[in-house]
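Please work through the exercises below with the sequence and the structure open beside you. Each task is followed by a solution that goes step by step.

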Amino acid sequence: MGRLTEAAAAAGGGASAARSAGPPAPLPLSSTSPGCAAAMASSEEDGTNGGASEAGEERETAGKRTRRGLLATAWLTFYNIAMTAGWLVLAIAMVRFYMEKGTHKGLYRSIQKTLKFFQTFALLEIVHCLIGIVPTSVLVAGVQVSSRIFMVWLVTHSIKPIQNEESVVLFLVAWTVTEITRYSFYTFSLLDHLPYFVKWARYNFFIILYPVGVAGELLTIYAALPYVKKTGMFSIRLPNKYNVSFDYYYFLLITMASYIPLFPQLYFHMLRQRRKVLHGEVIVEKDD
Ligand SMILES: CCCCCCCCCCCCC[C@@H](O)CC(=O)SCCNC(=O)CCNC(=O)[C@H](O)C(C)(C)COP(=O)(O)OP(=O)(O)OC[C@H]1O[C@@H](n2cnc3c(N)ncnc32)[C@H](O)[C@@H]1OP(=O)(O)O
């Protein structure tokens, strides 16, 4: 299948035109076919397109809502409000803890229930992609959510001695700021009242927060290695009646290594989203 790509001027479109112009991302983890060539046209920087394009955007939002269905829109609005509130509660609890105790020791323990609840609830994001009520690629959402679930349940919850590591605070702060911004962005978008600051924050904060979060996660797994090796936790040794063996220590090493190919994919996916939404770059792909 050959491909032909052309740049479309985003005269009155910004993010909406970008989205309507075609699916994002020629990366392997994106929903588009790998290797698609893409050309981009940059238009507005500040989101002010004039009355005509605003009316166009409104029509587009209404169109999206109709396509998605009212029930799905109502569910997503509820889901995003609940998630924004959950991560806000977490942020407030963390700030209060630090102000009262003056140390990060004991922080994870004090917020773990809320964290586990809301991060596990985020599994629904994979379901949203699978049933098609959000346009995100299942793979992108799957890698993002499963790595978080893994960090919460199979690392931080299960390996108590690492819960007071500074690196835990690093990823907790990065996740919390990201999620408050991200879910409020989705909420305001669905409600058709998106403040420019929220949009700007959604597509800029990640530039710093993604590497910070990943560093926190990797350092936490690294800190867990000696304990996992010593205890042999979650490992299955031979001989056993199923004749299978599993070593959690090596599994953690492989997981750390998998960040090398996977994290850049997510990061570049977000950089592309940023270019489309904030700078109105439009990717149009045509199949021969
Ligand atoms: C079992 C062991 C597994 C181990 C795997 C190990 C490998 C791991 C490597 C990866 C490491 C990641 C680590 C990570 O945990 C670190 C951090 O998170 S640190 C903190 C910083 N993080 C971020 O900034 C996260 C950025 N990522 C994301 O935002 C998303 O997760 C992502 C799925 C990557 C991107 O989102 P998306 O493609 O959806 O982009 P947009 O937000 O621009 O949305 C596109 C359109 O979808 C609509 N949408 C999406 N979700 C919703 C929703 N909930 N409600 C309503 N609408 C939604 C959105 O509005 C856009 O729609 P449209 O185009 O129509 O406007």
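**Exercise 1: the chain as a whole**

Task: describe the order of helices and strands along the sequence of this predicted model.

Solution: Reading along the sequence, one meets the pattern β-α-α-α-α-α-α-α-α-α-α-β. Counting the elements then gives 10 helices and two strands. As a next step, consider burial, for of the 288 residues in the chain, 28% are buried. Finally, turn to the contacts with a separation of 6 or more, of which 76% are between residues 24 or more positions apart.

**Exercise 2: α3 and α4**

Task: work out how helix α3 is oriented relative to α4, and which residues make the contact.

Solution: Begin with the axes of α3 (residues 70-101) and α4, which come within 10 Å and cross at roughly 180°. Because angles over 145 degrees count as roughly antiparallel, α3 is roughly antiparallel to α4. On the side of α3, the contact is made by residues including Trp87, Leu90, Met94 and Phe97, while α4 contributes, among them, Leu107, Ile111, Leu115 and Phe118. Sorting the residues of this contact by kind gives 12 nonpolar, three polar and no charged.

**Exercise 3: helix α6**

Task: find where helix α6 bends, and what covers its buried residues.

Solution: Following α6 through residues 138-157, one finds a bend of about 30° at Met151. Met151 is also one of the buried residues of α6, which are Val140, Ala141, Arg148, Met151, Val152, Val155 and Thr156. The cover over these buried residues includes α4 (107-121), α5 (124-130), α7 (166-190), α9 (205-231) and α10 (248-279).

Terms used:
Residues numbered from 1 in each chain as written. Predicted model: local features only at pLDDT ≥ 70, side-chain atom pairs only at ≥ 80, totals over all residues. Bend = angle between axes of the 7 residues up to and from the residue. Helix = DSSP H or I, 4+ residues; strand = E, 2+ residues; numbered from the N terminus. Buried ≥ 20, exposed ≤ 12 C-beta atoms within 10 Å, placed from the backbone. Contact = placed C-beta atoms within 7 Å. Axes fitted to C-alpha atoms, helices over the stretch in contact; angles between N-to-C directions. Parallel < 35°, antiparallel > 145°, perpendicular 65-115°, else oblique. Nonpolar A, V, L, I, M, F, W, Y, C, P; charged D, E, K, R; others polar.
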